[in-house]
Amino acid sequence: MSKKIIAGNWKQNGTLKSSISLTKKVLQAVKKKKYTHEIIIIPPSIFLLPIKDLIHKSQIKLGAQNVSAFNDGAYTGEISGSMLKDSGVDYCLVGHSERRHIIKEDESDFSSKVSRLIDNDIKVIYCFGETLNDYKNKKTKLIIKRQLKKLFFNNKNSLKKHPSKLILAYEPVWAIGTGLIPSPEELVSTFKYIKNTVNKFDKKYASIQILYGGSVTPDNASSLMDTEHIDGLLIGGASLIAKKFIDICSTI
């Protein structure tokens, strides 16, 4: 059985000093408690190397927030998959709602990024989910199917060869940073739908893990992890506060 996953996405936050301090606090707790699940911290790219040095030989894994859609070359400001691999990155986010709705990236961009990461043996945490307008108009499952279909169709060959390189992260856009989360009934229905949809694409995908992201806190983490088909959590704001992140890690 695969390990449960707790991933903290720091987004565009922190200084080098505060990021090192946060990492040290999490590292101290992990060494003390010896968690049996996978713990991933995802700092801004400029802090990846110093944080990698801190967590070296610990059970904490390193994730990146973004990757270039291109291989190495004349793409000023971009960070390639091979660069992330060389920096010791284990995981990378793709398709986060902020990349979709603020940066305006599309499925073509995401498909290229997934390909670059798999080529470099980096696991993909692929984010997807509906907006508030979609949710109010009862289009959640329609949007999910559309986004997943594009992911698996555009990356069919690489994903069939390496299904273990993909982790899915359902993050309803309306729940991110709002304090709102779907009801328990909605979560059960949605995650069951995600699982069934992926399995219909190909039986090889049956073992792909699915995370939940969106206003995760120490207060709701335990109930979220008890929900059928939820294999872990993708945490935003709460991962920037050491005690909250550690408390969430301790709920499993």
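Start by selecting strands E6 (residues 166-170) and E7 (residues 210-213) in this predicted model. The two strands run parallel, and 3 bridges join them. To see one of these pairings, show Tyr170 in E6 and look across to E7, where its bridge partner is Tyr212.

Now add helix H9 (residues 184-201) to the selection and trace the chain: it leaves E6, passes through H9 and arrives at E7. This β-α-β crossover is right-handed.

Keep E6 on screen and bring in strand E5 (residues 123-128). E5 and E6 also run parallel, with 5 bridges between them. If you would like a residue pair to centre on here, pick Ile125, which stands opposite Ile167 in E6.

Stay with E6 a little longer and colour its residues by burial. Which residues of E6 lie on one side, and which on the other? Leu166, Leu168 and Tyr170 belong to one face, while Ile167 and Ala169 belong to the other. Both faces are covered, since each of these residues is buried. With 5 of its 5 residues buried, E6 is therefore largely enclosed by the rest of the structure.

Next, jump to helix H11 (residues 242-249) and show the side chains of Ala242, Phe245, Ile246, Ile248 and Cys249, which are its buried residues. Look down the helix axis: these residues cover an arc of only 160 degrees, so they sit on the same side of H11.

What do the buried residues of H11 pack against? Select these elements one after another to find out:

- strand E1 (5-9)
- helix H1 (16-33)
- strand E2 (38-42)
- helix H10 (221-225)
- strand E8 (232-235)

Finally, zoom out and show the whole protein as a cartoon, with its 11 helices and 8 strands. Its radius of gyration is 17 Å, close to the 18 Å that the globule rule gives for 252 residues, so the protein is as compact as a globular protein of that length. Drawn along the principal axes, a box of roughly 45 × 45 × 35 Å holds the C-alpha atoms.

While you have everything in view, try a contact display. Of the contacts between residues at least 6 apart in sequence, 70% join residues at least 24 apart. Then switch on the surface: the protein exposes about 12,500 Å², and carbon and sulfur atoms supply 51% of that area. As for what lies beneath, 50% of the 252 residues count as buried.

Conventions:
Residues are numbered from 1 along each chain as its sequence is written. This is a predicted model: local features need pLDDT of at least 70, side-chain atom pairs count only at pLDDT 80 or more; totals for chains, interfaces and linings use all residues. Side-chain values use heavy atoms; hydrogens and water are left out. Buried means under 20% relative accessible area, exposed over 50%, partly exposed in between (1.4 Å probe, protein chains only). Helices (H or I, at least four residues) and strands (E, at least two) are DSSP runs, numbered from the N terminus. Two strands pair if DSSP finds at least two bridges between them. A crossover is right-handed if, with the strands pointing away from the viewer, the path from the first strand over the helix to the second runs clockwise. The radius of gyration is taken over C-alpha atoms; the globule rule is 2.2 Å times the number of residues to the power 0.38. Contact means heavy atoms within 4.5 Å. Accessible areas come from the Shrake-Rupley method with a 1.4 Å probe; for residues, only the protein chains shown count as cover. The arc is that of the directions from the helix axis to the C-beta atoms.
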